[in-house]
Amino acid sequence: MLNVGINGFGRIGRAIFRHNYKSKHFNIVAINDINPSVENLSYMLKYDSTYGIFDHKIETKKNSISVDGDEDI
């Protein structure tokens, strides 16, 4: 499976992440964003004003995000 990094975790980056989490077309191995706060990125992934609540458990670690206990991103 293809490994992919998301460059920018704004509206489009989060939409791609959500869609891929359901369909598993590729592995997301990295997220690059101008926002340095991993907690903020996790919050925006979980609660999106357009796409609604991402109904999965999101864990925030020091420099990574884990969804439903999968690998750290």
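Helices here are DSSP runs of H or I with at least four residues, numbered from the N terminus. With that in hand, welcome to a few close-ups of this predicted model.

**View 1. Phe17 and Tyr21 stack along helix α1.** These two residues are four apart in the helix, so about one helical turn separates them. Their rings form a stacked pair, with 6.4 Å centre to centre and 15° between the planes. Phe17 and Tyr21 are both buried.

**View 2. Phe17 also meets Phe54, this time edge-to-face.** Here the centres are 6.3 Å apart and the planes make an angle of 70°. Phe54 sits in the loop between β4 (52-53) and β5 (58-60) while Phe17 belongs to α1, so the pair ties together parts that are 37 residues apart in sequence. Like Phe17, Phe54 is buried.

**View 3. Four rings make one aromatic cluster.** Phe9 and Phe54 join Phe17 and Tyr21 in this group. Across the whole structure, a search finds five aromatic pairs.

**View 4. Strands β1 and β2 run parallel.** Five bridges link β1 (residues 3-7) to β2, and Asn3 has Asn27 of β2 as its bridge partner. Between the two strands the chain passes through α1, giving a right-handed β-α-β crossover.

**View 5. A look into the largest pocket.** Its volume is about 260 Å³. Of its 14 lining residues, Lys24, Asn27, Ile28, Asp70 and Ile73 are the closest to the centre. Helix α1 (11-23) and strand β2 (27-32) each contribute at least two residues to the lining, which comprises seven nonpolar, three polar and four charged residues.

Terms used:
Residues are numbered from 1 along each chain as its sequence is written. This is a predicted model: local features need pLDDT of at least 70, side-chain atom pairs count only at pLDDT 80 or more; totals for chains, interfaces and linings use all residues. Side-chain values use heavy atoms; hydrogens and water are left out. On a 1 Å grid over the protein atoms alone, a cavity is a set of points where a 1.4 Å probe fits but cannot get out, and a pocket is an open set with protein on both sides within 12 Å along at least five of seven lines; lining residues have an atom within 4 Å of a point. Grid points are joined across faces, edges and corners, and a volume is the space filled by probe spheres set on the points. Ala, Val, Leu, Ile, Met, Phe, Trp, Tyr, Cys and Pro count as nonpolar, Asp, Glu, Lys and Arg as charged, and the others, Gly among them, as polar. Two strands pair if DSSP finds at least two bridges between them. A crossover is right-handed if, with the strands pointing away from the viewer, the path from the first strand over the helix to the second runs clockwise. Rings of Phe, Tyr and Trp (its six-membered ring) pair if their centres lie within 6.5 Å; planes under 30 degrees apart count as stacked, over 60 as edge-to-face and the rest as tilted. Buried means under 20% relative accessible area, exposed over 50%, partly exposed in between (1.4 Å probe, protein chains only).
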